[in-house]
Each structure stands twice: as structure tokens, then as C-alpha cells.
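Student: I have a protein structure to look at and no idea where to begin. Can we go through it together?

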Amino acid sequence: APERLQQAMTNTSSVSMQELPRTEINETQFGEALFVVDRIPAGALVLSFEFDPLHTHREPTRFSVQVGKDTHLDTPGALFQWLQHEEEPSLRADTGEKLEFYALRDMEAGELLSFNYNTTEWYMATPFTCGMTGIEVSGFSTLDLIKQRSLASEGLIVPHVYSLWREQKQAKDAARMATIVDAWKLDRARAADRKS
């Protein structure tokens with residue numbers, strides 16, 4: 001019976017693995033990267049990773065992907081570590097109950113798998129300049145408002161980045177209102193002094 005259970009578990013794992021498209025790591029001019037082996041239709045689940053508590057951290061690392069407001073997944077050897085950054089990526093990330101990557105468009109066999117790191121990272125442990133575009137990649141919080149709005153309108157940012165962005169905006173709005181109130185109080189005090 002234990003052998004049969006082990007075989008059933010192995011088959012279940014094999015079936016689950018077969019549902020995801022095949023990928024391979026190949027050398028590029030920028031180092032090793034992950035590529036799709038077969039054609040993939042738009043919307044397909046390409047990669048899926050559990051939130052392993054042994055490999056989640058409160059701060060980002062060079063190889064982590066942010067999966068929550070203060071949770072960063074850094075699983076050694078996980079395929080997501082070979083996903084490249086691109087401004088026009090082939091994948092979008094989802095950080096619901098797992099870290100998952102979905103095809104944004106139809107992909108041909110042999111295409112590079114990439115996502116925009118600024119869609120998952122609030123700030124990065126190791127910012128860099130994109131070798132293809134020359135654009136600084138350092139996390140969503142460092143982008144200008146136009147780029148932030150663009151990524152949000154395309155539906156590419158994950159929920160925790162959206163929440164952090166909203167919190168940042170509320171804090172800026174509160175600070176701006178406090179400045180306005182302070183200026184108003186100062187004007188009122190000066191007006192009262194002039195009357196005296």
C-alpha cells in the first residue's frame with residue numbers, strides 16, 4: 001500500500017507538472033534566461049510556485065519576487081529566478097494564493113519568458129539598468145506617476161503593489177492637507193495680529 005500511495009503521489013505530481021508548459025534555461029547576451037519550449041496561447045498559466053514559508057522574507061533579496069506587502073519569495077533554484085525583466089513582457093504575475101505567471105499574448109516555441117519587475121516589487125534590493133531599454137528598474141514606488149498609472153490601467157500590477165500605492169497616495173494627500181491647514185492657520189493668526 002505505501003508503494004501504491006507513493007506511485008499515486010508521483011503520478012499526481014507528474015500530471016500537475018505536465019499541465020504547465022515546458023520551459024528551458026538558455027544562455028543569452030545578458031546571462032541565463034527562461035524560454036518556453038512549445039507554443040503557448042494567451043492567458044495560459046505558465047509557471048506556478050507555492051509560498052514556501054522557509055523561503056519567504058520581510059525584505060527583498062536580489063532573487064526574490066514580492067508576493068505581499070512585506071513578503072518576498074526567494075526559493076533557491078526556482079524557475080522564476082530566470083525570468084527576465086522587460087518593459088513589454090510575455091508574462092504577467094499574479095500573487096493570490098501562489099506566485100503564478102500567465103501568458104499576456106500568444107507565444108511561439110523558443111520565446112523568452114519575462115515580466116515587468118516593477119509590477120510586483122515596491123522597491124528592489126538590487127536595482128539595475130535594463131540592458132534592452134536603458135531604463136532604471138528599481139520598483140513601482142520609484143516610477144513616475146505616468147508610468148505607474150499606465151501599469152495600473154493595463155491591469156499588470158499585483159494587489160499588494162496597488163495597496164501600497166494607494167497608502168502612499170493617501171499619506172501624500174494627508175501631508176499636503178496638513179500643509180494647507182497649517183498655512184491657513186498661520187494666515188488667520190497673522191490676520192488676527194493685524195487687527196490687534
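Tutor: We will take the chain as a whole, then some strands, the core, the rings and a few local details. Keep in mind that this is a predicted model.

Student: OK. How many helices and strands does the protein chain have?

Tutor: The protein chain has 3 helices and 12 strands.

Student: And what share of the residues is buried?

Tutor: Of the 196 residues, 33% count as buried. The accessible surface is about 12200 Å². Carbon and sulfur atoms make up 54% of that surface.

Student: What about contacts between residues far apart in sequence?

Tutor: Take the contacts with a separation of 6 or more. Residues 24 or more positions apart account for 56% of them.

Student: Let's go to the core. Which residues have the most contacts inside the largest nonpolar core?

Tutor: They are F80, L83 and F101. The core has 35 residues.

Student: Which elements supply at least two residues each?

Tutor: Five strands and a helix are on the list, namely β2 (31-36), β3 (45-49), β5, β8 (91-94), β9 (99-103) and α3 (159-195).

Student: Tell me about F101. What does it touch?

Tutor: Leave out residues up to four places away in sequence. Then F101 touches A44, L45, V46, L47 and F49. F101 also touches F80, L83, L91, R92, A93 and F115.

Student: F101 is in β9, right after the stretch we just listed. Is β9 buried or exposed?

Tutor: Buried. 5 of the 5 residues of β9 are buried, so the strand is largely enclosed by the rest of the structure.

Student: Which residues sit on each face of β9?

Tutor: L99, F101 and A103 are on one side. E100 and Y102 are on the other. Both faces are covered.

Student: What does β9 pair with?

Tutor: β3 pairs with β9 in the antiparallel sense, over 4 bridges. In that pairing, F49 has L99 as its bridge partner. β8 also pairs with β9 in the antiparallel sense, over 4 bridges. There, D94 stands opposite E100.

Student: How many residues join β8 to β9?

Tutor: The hairpin between them runs through 4 residues.

Student: New topic. What is the strand order in the open sheet of 3 strands?

Tutor: The order is β4-β6-β5, and the pairing is antiparallel. β4 (56-57) and β5 (65-68) are the edge strands, each pairing on one side only.

Student: How many bridges join β5 to β6?

Tutor: 3 bridges join β5 to β6, which covers residues 71-73. Q66 stands opposite H72 of β6.

Student: Now the rings. How many aromatic pairs does the structure hold?

Tutor: It holds 8 aromatic pairs. Look at F115 and Y117. Their ring centres are 5.0 Å apart and their planes are at 45°, so the pair is tilted. Both residues are buried.

Student: How about F140 and W165?

Tutor: Their ring centres are 5.3 Å apart and their planes are at 80°, so that pair is edge-to-face. The pair links distant parts of the chain, 25 residues apart. F140 is in the loop between β12 (136-137) and α2 (145-153), while W165 is in helix α3. F140 and W165 are both buried.

Student: Which residues do ring pairs link into a cluster?

Tutor: F49, F80, F101, F115, Y117 and F128.

Student: I also marked H85. Where does it lie?

Tutor: H85 lies in strand β7 (residues 84-85).

Student: Why does H85 count as buried?

Tutor: Its relative accessibility is 7%. The cut-off for buried is under 20%.

Student: What polar atoms does its side chain meet?

Tutor: The side chains of H85 and E87 share a polar contact of 2.9 Å. A polar atom of the H85 side chain also lies 3.1 Å from the backbone nitrogen of Y117.

Student: And its other contacts?

Tutor: Leave aside neighbours within four places in sequence. H85 is then in contact with F115, N116, Y117, N118, F128, C130 and V137.

Student: Last one. Which residue caps the N-terminal end of α2?

Tutor: D144 does. One of its side-chain oxygens lies 3.1 Å from the backbone nitrogen of I146. After α2 comes G155, with a positive phi near 70°.

Note on methods
Residues are numbered from 1 along each chain as its sequence is written. Side-chain values use heavy atoms; hydrogens and water are left out. Two strands pair if DSSP finds at least two bridges between them. Buried means under 20% relative accessible area, exposed over 50%, partly exposed in between (1.4 Å probe, protein chains only). A polar contact is a pair of N or O atoms within 3.5 Å; within protein, one must be able to donate a hydrogen and the other to accept it, and residues adjacent in sequence count only if both atoms are side-chain atoms. Contact means heavy atoms within 4.5 Å. A nonpolar core is a set of buried Ala, Val, Leu, Ile, Met, Phe, Trp, Tyr and Cys residues joined through side-chain atoms within 4.5 Å. Accessible areas come from the Shrake-Rupley method with a 1.4 Å probe; for residues, only the protein chains shown count as cover. Rings of Phe, Tyr and Trp (its six-membered ring) pair if their centres lie within 6.5 Å; planes under 30 degrees apart count as stacked, over 60 as edge-to-face and the rest as tilted.
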